[in-house]
Amino acid sequence: MADSEVLRNTLREHRARARLTQAELADLVRVSRKTINTVENGVYIPSTVLALRLAHALGVPVETLFRLPASSTFTKAS
């Protein structure tokens with residue numbers, strides 16, 4: 001299973017709520033509009049730094065924007 005199928009994001013909804021275009025959000029976090037588009041569409045998984053910049057720009061915790069589905073199961077590392 002691809003990472004993009006595991007990671008859920010609500011970036012589009014939060015960006016719209018903040019009344020920002022993709023280009024405006026991109027300018028705030030210093031990436032291209034295409035990067036914002038690919039993150040919103042689950043094509044690109046953002047780096048930790050970009051995820052934190054996006055959360056900060058939108059005024060929400062990073063876990064609000066990006067999360068694993070509740071059904072994901074993981075084994076504990078030893």
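## Positive phi in the loops

Arg 19 is exposed, with a relative accessible area of 75%. In this predicted model, the residue sits in the loop between α2 and α3. Its phi is positive, about 60°, although Arg 19 is not a glycine. Most residues other than glycine have a negative phi.

Arg 30 is a further case. Its phi is near 65°, again a positive value in a residue other than glycine. Arg 30 lies in the loop between α3 and α4. It counts as exposed, at 61% relative accessibility.

Two glycines also take positive phi. Gly 42 follows α4, with phi near 75°. Gly 59 comes just after α5, with phi of about 70°.

## Overall layout

The chain holds six helices and two strands. From the N terminus on, the order is α-β-α-α-α-α-α-β. The chain has 78 residues, and 33% of them count as buried. About 5,400 Å² is exposed, and carbon and sulfur atoms supply 53% of that area.

How many of the contacts between residues at least 6 apart in sequence join residues at least 24 apart? The share is 57%.

## Helix α5: a buried side and an exposed side

Helix α5 spans residues 48–58. Its buried residues are Leu 50, Ala 51, Leu 54, Ala 55 and Leu 58. They cover an arc of only 135° around the axis, so they lie on the same side of α5. An α-helix has 3.6 residues a turn, so residues three or four places apart point the same way.

Thr 48 and His 56 are exposed on the other side of α5. Cover for the buried residues of α5 includes four helices and a strand: α2 (11–17), α3 (22–29), α4 (33–40), α6 (62–65) and β2 (66–67).

## The nonpolar core

The largest nonpolar core has 15 residues. Leu 11, Leu 25, Ile 36, Leu 54, Leu 58 and Leu 65 have the most contacts inside it. Helices α3, α4 and α5 each supply at least two residues of this core. The biggest contribution is from α5, which gives five residues. In soluble globular proteins, nonpolar side chains tend to be buried together.

What does Leu 65 touch, leaving out residues up to four places away in sequence? Its partners are Arg 8, Asn 9, Thr 10, Leu 11, His 14, Leu 54, Ala 55, Leu 58 and Val 60.

## Helix α4

In α4, the buried residues are Thr 35, Ile 36, Thr 38, Val 39 and Glu 40. They pack against β1 (8–9), α2, α3, α5 and β2. Ile 36 is also among the core residues with the most contacts.

## Arg 15: a buried arginine

Is Arg 15, a residue of helix α2, buried or exposed? Arg 15 is buried, because its relative accessible area is 12%, and buried means under 20%.

The side chain of Arg 15 makes a polar contact with the side chain of Glu 40, at 2.5 Å. Glu 40 is itself one of the buried residues of α4. Leaving out residues up to four places away in sequence, Arg 15 touches Leu 20, Thr 21, Gln 22, Leu 25, Ile 36, Glu 40 and Leu 58. Among these partners, Leu 25, Ile 36 and Leu 58 belong to the core residues with the most contacts.

Definitions and conventions:
Residues numbered from 1 in each chain as written. Predicted model: local features only at pLDDT ≥ 70, side-chain atom pairs only at ≥ 80, totals over all residues. Heavy atoms only, no water. Buried < 20%, exposed > 50% of the residue type's maximum accessible area, 1.4 Å probe, protein only. Arc of directions from axis to C-beta. Contact = heavy atoms within 4.5 Å. Polar contact = N/O pair within 3.5 Å; in protein donor to acceptor, adjacent residues only side chain to side chain. Core = buried A, V, L, I, M, F, W, Y, C linked by side-chain atoms within 4.5 Å. Areas by Shrake-Rupley, 256 points an atom, 1.4 Å probe, with all protein chains shown as cover.
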